[in-house]
Amino acid sequence: MNLRSAGRLLTVVGFLLPLLSCGKSPEEKLMEKVIEHSTGQKVDIDADGNKLTIESDGQKMEFQQQQKGVWPADIPSDVPEFSRGKIVAVTRASIPENESWSVVYEDVKTSDIKEYEPRLKERGFTTSATFFSSDEGEHGTVSGQKGKLNVAVMAGSGKASLSVVSEK
């Protein structure tokens with residue numbers, strides 16, 4: 001599966017994963033058709049509660065919604081916990097090339113992510129940060145890289161998203 005197809009797949013999965021929480025067969029079939037149409041590849045989907053497995057071209061991808069309000073225990077220990085705001089969604093994905101986590105927050109100030117950059121540096125990450133103001137307030141991004149581990153947190157308008165990708 002090429003990078004473009006994988007990107008489309010992740011976008012579609014993000015929108016349709018909540019539909020599969022019931023594990024109903026019609027939703028699985030609908031999702032298969034949508035992904036096959038979007039990527040042009042045959043896929044097999046298995047939904048089990050909050051876990052979704054997609055197989056295509058001999059590759060297997062797993063997506064899992066985790067408990068809201070709780071920092072994921074399986075994020076690599078080198079990643080400092082972002083403890084500002086309120087966790088409203090957590091998703092974990094595993095594909096042959098990497099594992100990733102996405103944590104979505106509410107009630108976060110841009111200054112909160114400014115405070116996260118030194119915490120990444122303390123853990124040995126090489127970091128970069130970008131901040132800007134708009135009519136909607138201040139926005140910003142802090143990212144860090146350490147070996148095969150990448151972390152990015154973005155904030156604006158009171159919301160934030162933290163992504164962790166660990167290459168295998």
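How many salt bridges does a search of the whole structure find? In this model, which is predicted, the search finds five salt bridges, and several of these are described below together with the elements that carry them.

The overall architecture is considered before the individual pairs. The secondary structure of the protein comprises four helices and nine strands, and their order along the sequence follows the pattern α-α-β-β-β-β-β-α-α-β-β-β-β. The protein has 168 residues, of which 36% count as buried. When contacts between residues at least 6 apart in sequence are considered, 44% of them join residues at least 24 apart. The surface that the protein exposes amounts to about 9,400 Å², and carbon and sulfur atoms supply 48% of this area.

Among the salt bridges is one between aspartate 74 and arginine 92, in which the closest N and O atoms are 2.6 Å apart. Aspartate 74 lies in the loop between strand E3 (59-65) and strand E4 (86-94), whereas arginine 92 belongs to strand E4 itself, so the pair ties together parts of the chain that are 18 residues apart in sequence. The two partners differ in their accessibility class: aspartate 74 is partly exposed, having a relative accessible area of 33%, while arginine 92, with a relative accessibility of 14%, falls under the limit of 20% and therefore counts as buried. This pair also takes part in a wider arrangement, since Asp74, Arg92 and Glu99 are linked in a network of salt bridges.

The loop between E3 and E4 contributes to another salt bridge, formed by aspartate 78 and lysine 146. In this pair the closest N and O atoms are 3.4 Å apart, and because lysine 146 lies in strand E7 (residues 137-146) while aspartate 78 lies in the loop, the pair ties together parts that are 68 residues apart in sequence. Lysine 146 is partly exposed, with a relative accessible area of 28%, and aspartate 78 likewise counts as partly exposed, at 32% relative accessibility.

Strand E7 also holds glutamate 138, whose side chain meets that of lysine 114 in a salt bridge with an N to O distance of 3.1 Å. Lysine 114 is located in helix H3 (residues 110-114), and the pair, 24 residues apart, links distant parts of the chain. Glutamate 138 is partly exposed, with a relative accessible area of 33%, and lysine 114 counts as partly exposed too, at 36%.

Charged residues also appear in another setting, for a patch of negative charge is found on the surface, where Asp44, Asp46, Asp48 and Glu55 gather. Strand E1 (residues 44-48) supplies the largest share of this negative patch, namely three residues. Glutamate 55, by contrast, is found in strand E2 (residues 51-56), and its relative accessible area of 40% makes it partly exposed.

Three further residues illustrate how strands meet parts of the chain that are not their neighbours in sequence. Serine 166 is placed in strand E9 (residues 159-167) and counts as buried, because its relative accessibility of 19% is under the 20% limit. When neighbours within four places in sequence are left aside, serine 166 is in contact with Pro76, Asn98, Glu99, Trp101, Lys148 and Leu149; one of these, Glu99, is also a member of the salt-bridge network with Asp74 and Arg92.

Valine 104 has its place in strand E5 (residues 98-106), and at 32% relative accessibility it counts as partly exposed. Residues up to four places away in sequence not being counted, valine 104 touches Lys86, Ile87, Val88, Ala89 and Ala160. The C-alpha atoms of valine 104 and serine 163 are 8.8 Å apart in space, although these residues are 59 residues apart in sequence.

Threonine 130, finally, is found in strand E6 (residues 126-134). With its neighbours within four places in sequence set aside, threonine 130 is in contact with His139, Gly140 and Thr141. A separation of 9.5 Å lies between the C-alpha atoms of threonine 130 and methionine 154, which are 24 residues apart along the chain.

Conventions. Residues are numbered from 1 along each chain as its sequence is written. This is a predicted model: local features need pLDDT of at least 70, side-chain atom pairs count only at pLDDT 80 or more; totals for chains, interfaces and linings use all residues. Side-chain values use heavy atoms; hydrogens and water are left out. Patches are made of residues with over 30% relative accessible area and no salt bridge: like charges are joined within 9 Å, nonpolar side chains (Val, Leu, Ile, Met, Phe, Trp, Tyr) within 5 Å. Accessible areas come from the Shrake-Rupley method with a 1.4 Å probe; for residues, only the protein chains shown count as cover. A salt bridge is a side-chain nitrogen of Lys or Arg within 4 Å of a carboxyl oxygen of Asp or Glu. Lys and Arg count as positive and Asp and Glu as negative; His and the chain ends are not counted. The place of a charge is taken as NZ of Lys, CZ of Arg, CG of Asp or CD of Glu. Helices (H or I, at least four residues) and strands (E, at least two) are DSSP runs, numbered from the N terminus. Buried means under 20% relative accessible area, exposed over 50%, partly exposed in between (1.4 Å probe, protein chains only). Contact means heavy atoms within 4.5 Å.
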